[in-house]
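Trainee: Could we go through this one together before I head back to the bench?
Mentor: Of course, have it open in front of you and ask as we go.

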Amino acid sequence: AVRRVLLLGEGNFSFAASLCGAAGTHVVATCYESEEEVSGRGRAAESIRRLRERGAEVVFSVDCTKLKDYFLPEKREFDCIYFNFPHCGRKAGVVKNRELLAHFFHSSAEVLTEEGEVHVALCNGQGGTPADQPRREWHNSWQIVAVAAGAGFILSNVHAFKAETIHGYKCTGYRSQDKPFCVEGALNHIFTRSMPLPYFKPMICEIELESRKVSFQVPQVLVDKIDRGFLELNSNHPVRTIKEKLTAELSQAFPLQNIDYCLSLLHQGHLNGVCHSNIFWIILNPEETPSTEEMSNGLANAVLFSHVDFCRDTDKNGWVNVQEGCHISKQYYLRPSLLPYAQAIIQRGAFLPGTHHVLSGPVFRKCLITPYSMPVFHEMLFVCAVNRGTEKSCIQMLVNNIKTSIHSLHQTVSGFKLNINLQEEASFETTELNDFAAFESQLSRIQYFICMEIDASGSCEKGSCVGIIRTAHYELVSSELVVVFASLNLDLLAMLICGIPDWRMLWTSDTRFLRQFPRGKLRLFKSFSLYPPSYVHDVSFWIPDG
């Protein structure tokens, strides 16, 4: 396909002429002035002639704030728009130039393809981003990132505008005046479309329980996360890549058996020791056919699970407390951990001593959301039974293999030093626990924390707990066996290895994220939204006397 490029505000058309002729590119070069005004200046006439000879379109008297008025609907789709050194002219201040940029970005949004780019070159300091050196005070800059955001654009890249590398380019001043703009230290800002603000319709999850169809409304915060399939076979998500690499490494040291297929979405009752406020409680309703009105309003947006094998409460030994005469009116909650499922497998006798069983899947926990604290993440749980007295050597062997796997993954991504260490629970301060570790400590006693630290200043959270290890005795299985449980937070691992600064990026629907991770490969994450505007407001309240 031919790439369509639109150039705005050309002074002498020398920049357009330098781009013209590239294979597979059709150039449309424009300027604000009339052809008569431009043709008599400098080398403009020569550049215009070269453009036309090479098949480019040259259009005059184009207002950059009303672009759709100059192109027929079928010719409005541009892959790239260039606007070098925009300016209102004369003594126009920063406010006038911000207004010009604001109208320009809104106009560009009407003629740009969905995955197109907008390139804006500004003199040093004008943009108001950290890339400007020296950086102007915010109020004295053009605030280009905030202005572009108003039209639905994000700054995806910024680099030096090197005029000397552009063959034949000669910068002119405002409306081709003799005094050119100062391009020393100038920056080219590359914008792409931001994702539209999501509006999630209420989602109903339909399941079968005790031969009856029931449904429940998915909590609002989980609507776009309940059924993403990051661990499915056709996924190239970094969380799946880490899971597969860990499994492959450990399978060389231990016989592994995956049992993900039998895991249920809901749990019934209450986990002992877990705070009620950390749970996503669910109330099941008998399934009813949605009304026509509900369908039209989108309230019947549903995820269908053909059958859910509910996991009920377990006692301190891991045995299932089966409650006779269970009714649908009883409360359930979204699974906050895979540990009860491992315990249920042990008590059913479906557990092979000497074999490492692997469970994995998303789990759901209410928490105070921060960049490294998430209400949903993918847990990977290793379970193995060993002879009493040998559990410490088993744990060390397991941790060594996990370390080897993570180190090999990290080496393909970054040159930063990576440290993984095993810390005993007794030496770990309660105040140092992240939300993942704090919740795990509510489930049952922890023997060890698996902590990970990347030695790169400010690159990620240091000393993060990414896994825990606990042991349990199950005398009804065998008085000589001890069961070792090792739980890993795959999402935290992905963030720390790939340098992803916020867990929400892992769950984005933006294709620019997954394109950075080809199937089976991990890379250092490159943000496609630079310097997002942030605002802090102080609020005061006055309470009247009495």
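Mentor: We will talk about a helix, then aromatic rings, then a single threonine.

Mentor: Keep in mind that this is a predicted model, in which local features need pLDDT of at least 70, side-chain atom pairs count only at pLDDT 80 or more, and totals for chains, interfaces and linings use all residues. Residues are numbered from 1 along each chain as its sequence is written, and side-chain values use heavy atoms, with hydrogens and water left out.

Trainee: Why is helix α8 largely enclosed by the rest of the structure?
Mentor: Eight of the nine residues of α8 (residues 339-347) are buried, so the helix is largely enclosed. Buried means under 20% relative accessible area, exposed over 50% and partly exposed in between, with a 1.4 Å probe and protein chains only. Helices (H or I, at least four residues) and strands (E, at least two) are DSSP runs, numbered from the N terminus.

Trainee: Which residues are they, and what covers them?
Mentor: The buried ones are Leu339, Pro340, Tyr341, Ala342, Gln343, Ala344, Ile345 and Ile346. Their cover, judged by contact (heavy atoms within 4.5 Å), includes the strands β16 (356-364) and β17 (376-387) as well as helix α10 (435-443).

Trainee: What happens just after α8?
Mentor: Gly349 takes a positive phi of about 80° there.

Trainee: Switching to rings, how many aromatic pairs are there?
Mentor: A search of the whole structure finds 17. Rings of Phe, Tyr and Trp (its six-membered ring) pair if their centres lie within 6.5 Å, and planes under 30 degrees apart count as stacked, over 60 as edge-to-face and the rest as tilted. One of the pairs is Phe15 with Tyr169, whose centres are 5.7 Å apart with the planes at 80°, so this pair is edge-to-face.

Trainee: Which parts does that pair tie together?
Mentor: Phe15 lies in helix α1 (residues 14-19) and Tyr169 in the loop between β6 (153-160) and β7 (187-193), so the pair ties together parts that are 154 residues apart in sequence. Phe15 and Tyr169 are both buried, and ring pairs link them with Tyr82, Phe85 and Phe161 into a cluster.

Trainee: And Thr172, where is that, and is it buried or exposed?
Mentor: Thr172 is in the loop between β6 and β7, and it is buried, with a relative accessible area of 17%. From C-alpha to C-alpha, Thr172 is 7.1 Å from Asn12 in space, although 160 residues separate the two in sequence.
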